[in-house]
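Work through the exercises below with the sequence and the model open. Each task is followed by a solution in steps.

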Amino acid sequence: DALAAFQILGDQTPEALRPMLSELVGHSSAKVRRAALEHIERHGTEGLGDALRARLDTEPEPALRGLALRALSALEGADSKAALLRFAGGPDLVLREAALLGLRRLDAEEGRRGLLELASSPDARHRSAAARLLRLSWTPQDATIARTLIADPDLGVQRLAMAAAGAAGDA
């Protein structure tokens, strides 16, 4: 099983896994693709930008498309900004959240604006996405947004916002 083999190889250096990773991000098993994308996001294995960009256009599972975008952002930093902007205002919430996370990690103004748009949306799913973004990319300037989301009428949004503020030790 490819997933078991990948897990065994998890102790290898990113450079040793690079030839295999470009193939694994396109593997037929979603579990294998997820493991490969998570590995790339965590370790920033260089030389895989083209494979990740291809996944953005071909990956059938929305969560894995978002993970591919997160991995691309972690791998390429500022060089991924055009790809992040492509999805930052789109209708796919998973990709939008991944793009905004990448932009926030770059400290790009578009990331802050996108977070504010999500936090002020009438749609609780968008406000929940804002709270998840806070947890993953908290800055001291986010305390006001967190307080607003903690007071949200939706209990799920409240819980996510409290978790974000608690993880940051602020609010």
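**Exercise 1. A valine in a helix**

Task: In this predicted model, find the helix that holds Val 94, then decide whether Val 94 is buried, partly exposed or exposed.

Solution:
- Val 94 is part of helix 7, which spans residues 93-105.
- The relative accessibility of Val 94 is 36%, so the residue counts as partly exposed.
- Outside the four places on either side in sequence, Val 94 contacts Pro 62, Ala 63 and Gly 66.
- As a distance check, take Ser 128: it is 34 residues from Val 94 in sequence, and the two C-alpha atoms are 12 Å apart.

**Exercise 2. Helix 6 against helix 7**

Task: Describe how helix 6 and helix 7 pack, giving the angle and the distance between their axes.

Solution:
- Helix 6 covers residues 81-88, and its axis lies 8 Å from that of helix 7, at an angle of about 140 degrees.
- Helix 6 is therefore oblique to helix 7; roughly antiparallel would need an angle over 145 degrees.
- The handedness of this crossing is left-handed.
- From helix 6, the contact uses Lys 81, Leu 84, Leu 85, Phe 87 and Ala 88.
- From helix 7, the partners are Leu 95, Arg 96, Ala 98, Ala 99, Leu 100, Gly 102 and Leu 103.
- Sorted by class, the contact of helix 6 with helix 7 has nine nonpolar residues, one polar and two charged.

**Exercise 3. Helix 5 against helix 6**

Task: Which residues of helix 5 and helix 6 make the contact between them, and how do the axes cross?

Solution:
- Helix 5 runs over residues 62-76; its axis comes within 9 Å of that of helix 6, and the two cross at roughly 150 degrees.
- The crossing of helix 5 with helix 6 is left-handed.
- Helix 5 supplies Arg 65, Leu 69, Leu 72 and Ser 73, while helix 6 supplies Ala 83, Leu 84 and Phe 87.
- The class count for helix 5 with helix 6 is five nonpolar, one polar and one charged.
- Leu 84 and Phe 87 appear in this contact and also in the contact of helix 6 with helix 7.

**Exercise 4. The buried side of helix 8**

Task: List the buried residues of helix 8 and say what covers them.

Solution:
- Within helix 8, residues 109-119, the buried residues are Gly 111, Gly 114, Leu 115, Leu 118 and Ala 119.
- Around the axis they cover an arc of only 135 degrees, so they lie on the same side of helix 8.
- The spacing fits a general rule: an α-helix has 3.6 residues a turn, so residues three or four places apart point the same way.
- The cover over these buried residues includes helix 7, helix 9 (124-137) and helix 10 (143-150).

**Exercise 5. A positive phi**

Task: Asp 107 has which sign of phi, and is Asp 107 buried or exposed?

Solution:
- Asp 107 sits in the loop between helix 7 and helix 8.
- Its phi is positive, about 60 degrees, although Asp 107 is not a glycine.
- For comparison, most residues other than glycine have a negative phi.
- With a relative accessible area of 68%, Asp 107 is exposed.

**Exercise 6. Two buried residues**

Task: Where do Val 157 and Leu 48 lie, and what does each touch beyond four places in sequence?

Solution:
- Val 157 belongs to helix 11, residues 155-168.
- Its relative accessibility is 0%, so Val 157 counts as buried.
- Val 157 touches Ala 124, Arg 127, Ser 128, Ala 131, Leu 149 and Asp 152.
- Leu 48 is in the loop between helix 3 (30-43) and helix 4 (49-58).
- At 3% relative accessibility, Leu 48 also counts as buried, since the cut-off is under 20%.
- The contacts of Leu 48 are Arg 18, Leu 21, Ser 22, Ile 40 and Leu 75.
- One of these, Ser 22, is 26 residues from Leu 48 along the chain, with 6.3 Å between the C-alpha atoms.

**Exercise 7. A loop glycine**

Task: Place Gly 26 in the chain and name its contacts.

Solution:
- Gly 26 is found in the loop between helix 2 (14-24) and helix 3.
- A relative accessibility of 42% makes Gly 26 partly exposed.
- Neighbours within four places aside, Gly 26 is in contact with Arg 33 and Arg 55.
- Glu 59 is 33 residues from Gly 26 in sequence and 8.1 Å away in space, C-alpha to C-alpha.

How values were computed: Residues are numbered from 1 along each chain as its sequence is written. This is a predicted model: local features need pLDDT of at least 70, side-chain atom pairs count only at pLDDT 80 or more; totals for chains, interfaces and linings use all residues. Side-chain values use heavy atoms; hydrogens and water are left out. Axes are lines fitted to C-alpha atoms, for helices over the stretch in contact, and angles run from 0 to 180 degrees between N-to-C directions. Helices (H or I, at least four residues) and strands (E, at least two) are DSSP runs, numbered from the N terminus. Angles under 35 degrees count as roughly parallel, over 145 as roughly antiparallel, 65 to 115 as roughly perpendicular and the rest as oblique. A crossing is left-handed if the near helix is turned anticlockwise from the far one by less than a right angle, and right-handed if clockwise. Contact means heavy atoms within 4.5 Å. Ala, Val, Leu, Ile, Met, Phe, Trp, Tyr, Cys and Pro count as nonpolar, Asp, Glu, Lys and Arg as charged, and the others, Gly among them, as polar. Buried means under 20% relative accessible area, exposed over 50%, partly exposed in between (1.4 Å probe, protein chains only). The arc is that of the directions from the helix axis to the C-beta atoms.
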